[in-house]
Amino acid sequence: MISKKFVSFVFYMAFGLLSVTYVSAGEPKKIPMYTFSEFEHWLTKDTDSVYVINFWATWCAPCVKEIPDFEKFNAQYKDQNIKVLFVSLDFPNQIESRVVPFIERMNMQAEVIVLNEPNANKWIPVVNDDWSGAIPATVIYGRGFYAFFEEELTFQDLEETILPLIQ
Amino acid sequence: MKKLFAFLSTVFFISTSFAQGYNVGDVADDFRLLNVDGKYVSMADYPDAKGFVVIFSCNHCPYVVAYEDRMIELHNEFAPKGFPVIAINANDSVVQPQDSYTNMKKRANEKNFPFPYLLDADQTVYPKYGATRTPHIFLLKKDGQDLRVAYIGAIDDNYQDASKVEARYLADAIIAVSNGQKPNPETTRAIGCSIKKKR
């Protein structure tokens, strides 16, 4: 009986140590948090690239649904002058508890930042004057093109919108 | 559709808006929707009201949750002055199961909502108003027999922390309207959860 308990104790200790090692083996993710004025330059870059700026949050179901499509698009086209940026609008006190685990779970490779600016009335119209504030929302711009979408996008939508710009 | 849209945007450098619905100054239609108490509610049921704070809301959205206590306080402050809150959940519960009628009753009970919490089951009200997200507020003012939209937008300027609010957009708008003035601003915007359409 005692030995059985001891065995399971050893087992749990070993398992616990393993999981700690596993966690610390991964690169600790640090998600940069910006105010709107710090973030704004992302909306007006004048380079040869096409920028896909997606506003999302972990609690937004349609956002979560479209992320794999954006990730797939990023994986396939990031070497062709396309830059995908995920702008999280999660609550700033939930970055460690929600956003970081979410990024790891979804294995998100494109860059993620957090926009922390409580007075959305000031910055929403700067992103796009037609944006009511619902998410997901996506700005696609570059190479003389500009489009704003206050709706879910699919991989196909992204290809149809962006591929003509890079070919 | 997307191709055409992209083409138009390229050529004219325009961004389009799919938003339809009421603008400030428009006459708003009444509705008759099921409340969490099992009864139907219309604005016509409030002959003494001077107007209404119509809030498109839901159960699941963290931005709504962040504002629920403020919604209750607004009702308690302004219902006695003739501007009761009426909350409407327009989300389809197949798309967002947390926003089912059963869960609405549960949430209303937990928070002890002093205002009606109605279900836009057929999703006919929210598109007419032009609500796109939760929370999305439409302040209506009685104008003779009509209900006229006086303010559209957010409750205040800080969803994160009620104690750090600098501008109480909605409260200020109600006060302005009560004094026969135009709210300033008449529209504001806020981040919110998109209203979930039936598929």
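**Backbone notes on chains A and B**

Guide: A:Asn81 is partly exposed, since 15 other C-beta atoms lie within 10 Å (buried means 20 or more such atoms within 10 Å, exposed 12 or fewer, and partly exposed in between, with C-beta atoms placed from the backbone). This is a predicted model, in which local features need pLDDT of at least 70 and side-chain atom pairs count only at pLDDT 80 or more, while totals for chains, interfaces and linings use all residues. Residues are numbered from 1 along each chain as its sequence is written, and chains are lettered from A and ligands numbered from 1 in the order in which they are written.

Visitor: Where does A:Asn81 lie in chain A?

Guide: A:Asn81 lies in the loop between α3 (61-77) and β3 (82-88), where helices (H or I, at least four residues) and strands (E, at least two) are DSSP runs numbered from the N terminus. Its phi is near 60°, a positive value in a residue other than glycine.

Visitor: What sign does phi have in most residues other than glycine?

Guide: Most residues other than glycine have a negative phi, and most peptide bonds are trans.

Visitor: And B:Gln123, what is its phi?

Guide: B:Gln123, which is not a glycine, has a positive phi of about 55°, and it is found in the loop between β5 (117-119) and α4 (125-129) of chain B. B:Gln123 counts as partly exposed because 15 other C-beta atoms lie within 10 Å.

Visitor: Switching to prolines, which peptide bond leading to A:Pro136 is cis?

Guide: The bond from A:Ile135 to A:Pro136 is cis, with omega near 10°, and A:Pro136 sits in the loop between β5 (134-135) and β6 (137-142) of chain A. In chain B, the bond from B:Thr134 to B:Pro135 is cis, with omega near -10°, and the place of B:Pro135 is the loop between β6 (133-134) and β7 (136-143).

Visitor: Now chain B as a whole: how many helices and strands?

Guide: Chain B has 5 helices and 9 strands, and along the sequence they follow the pattern α-β-β-β-α-β-α-β-α-β-β-β-α-β.

Visitor: What about its radius of gyration?

Guide: Chain B has a radius of gyration of 17 Å, which agrees with the value near 16 Å for a compact globule of 199 residues; the radius is taken over C-alpha atoms, and the globule rule is 2.2 Å times the number of residues to the power 0.38.

Visitor: How much of chain B counts as buried?

Guide: Of its 199 residues, 42% count as buried.
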